[in-house]
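Here is a short note to read with the model open beside you. Take the points one at a time and find each residue as you go.

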Amino acid sequence: MPDPETADPQPARILMIRFLLRFIGLCLLATAFVFFVYDGTKSIANHQLVFTKVADVWAIIDQNSLNLVQDGLKWKVAWLWDPYMQRSFDLPAFVVVGGVATILILFGRKKKPLIGYARD
């Protein structure tokens with residue numbers, strides 16, 4: 001039996017980080033669904049496609065940080081700001097939040113067991 005003092009605490013840390021990534025990912029996925037339903041009801045009521053932009057949501061949460069990030073991106077990567085980065089702030093919020101949630105859930109998933117191979 002291995003000594004508990006010399007046992008590697010790494011697996012417990014990895015499990016906790018995976019759990020945290022999955023938990024945050026699922027919370028963000030629920031948030032994306034709320035944005036999707038909110039935009040859908042607004043679109044039905046207005047008889048046209050309406051969606052909430054990432055910049056609008058970010059401005060509601062913290063306007064100063066949005067301005068700092070936009071100014072920093074304009075200053076550091078000015079060649080990339082106008083054609084691409086500016087359009088990324090105009091994307092629907094449910095798409096961006098759902099994409100981040102999907103990435104976090106994929107990073108936090110459990111490894112598939114290998115069939116026919118021994119794992120240490």
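The points below go through a core, some helices and a few single residues of this predicted model.

1. Let's begin with the largest nonpolar core. Five residues make it up: Ala32, Phe35, Val57, Ala93 and Val97. Two elements each give two or more residues to this core, namely helix H1 (10-46) and helix H5 (93-107).

2. Now pick out Phe35, a member of that core. Which residues does Phe35 contact, once its neighbours within four places in sequence are left aside? The answer is Val57, Ala93, Phe94 and Val97. Val57, Ala93 and Val97 also belong to the core, so you can trace part of the core by starting from this one side chain.

3. Next, look at helix H2, which covers residues 54-61. Its residues Val54, Ala55 and Val57 are buried. Because these residues span an arc of only 160 degrees around the axis, they lie on the same side of H2. Val57 is a good one to highlight, as it is also listed in the core.

4. Val54 leads us on to Val96, which sits in helix H5. These two residues are 42 apart in sequence, while their C-alpha atoms are 7.5 Å apart in space. Val96 is in contact with Val54 and Leu91, leaving aside neighbours within four places in sequence. Is Val96 buried, partly exposed or exposed? Its relative accessibility is 29%, so Val96 counts as partly exposed.

5. Let's turn to a pair of helices. Two packed helices are described by the angle between their axes and the distance between the axes. For H3 and helix H4 (residues 78-88), the axes come within 5 Å and cross at roughly 120 degrees. H3 and H4 are therefore oblique to each other; the range for roughly perpendicular ends at 115 degrees.

6. Who makes the contact between these two helices? H3 brings Gln70, Leu73, Lys74 and Lys76, and H4 brings Ala78, Trp81 and Met85. Sorted by class, the contact has four nonpolar, one polar and two charged residues.

7. Finally, take a closer look at Gln70, which lies in helix H3 (residues 63-76). Why does Gln70 count as buried? Its relative accessible area is 18%, and buried means under 20%. Not counting residues up to four places away in sequence, Gln70 touches Trp81 and Phe89. Trp81 is one of the H4 residues in the contact with H3.

Methods:
Residues are numbered from 1 along each chain as its sequence is written. This is a predicted model: local features need pLDDT of at least 70, side-chain atom pairs count only at pLDDT 80 or more; totals for chains, interfaces and linings use all residues. Side-chain values use heavy atoms; hydrogens and water are left out. Helices (H or I, at least four residues) and strands (E, at least two) are DSSP runs, numbered from the N terminus. Buried means under 20% relative accessible area, exposed over 50%, partly exposed in between (1.4 Å probe, protein chains only). Contact means heavy atoms within 4.5 Å. A nonpolar core is a set of buried Ala, Val, Leu, Ile, Met, Phe, Trp, Tyr and Cys residues joined through side-chain atoms within 4.5 Å. The arc is that of the directions from the helix axis to the C-beta atoms. Axes are lines fitted to C-alpha atoms, for helices over the stretch in contact, and angles run from 0 to 180 degrees between N-to-C directions. Angles under 35 degrees count as roughly parallel, over 145 as roughly antiparallel, 65 to 115 as roughly perpendicular and the rest as oblique. Ala, Val, Leu, Ile, Met, Phe, Trp, Tyr, Cys and Pro count as nonpolar, Asp, Glu, Lys and Arg as charged, and the others, Gly among them, as polar.
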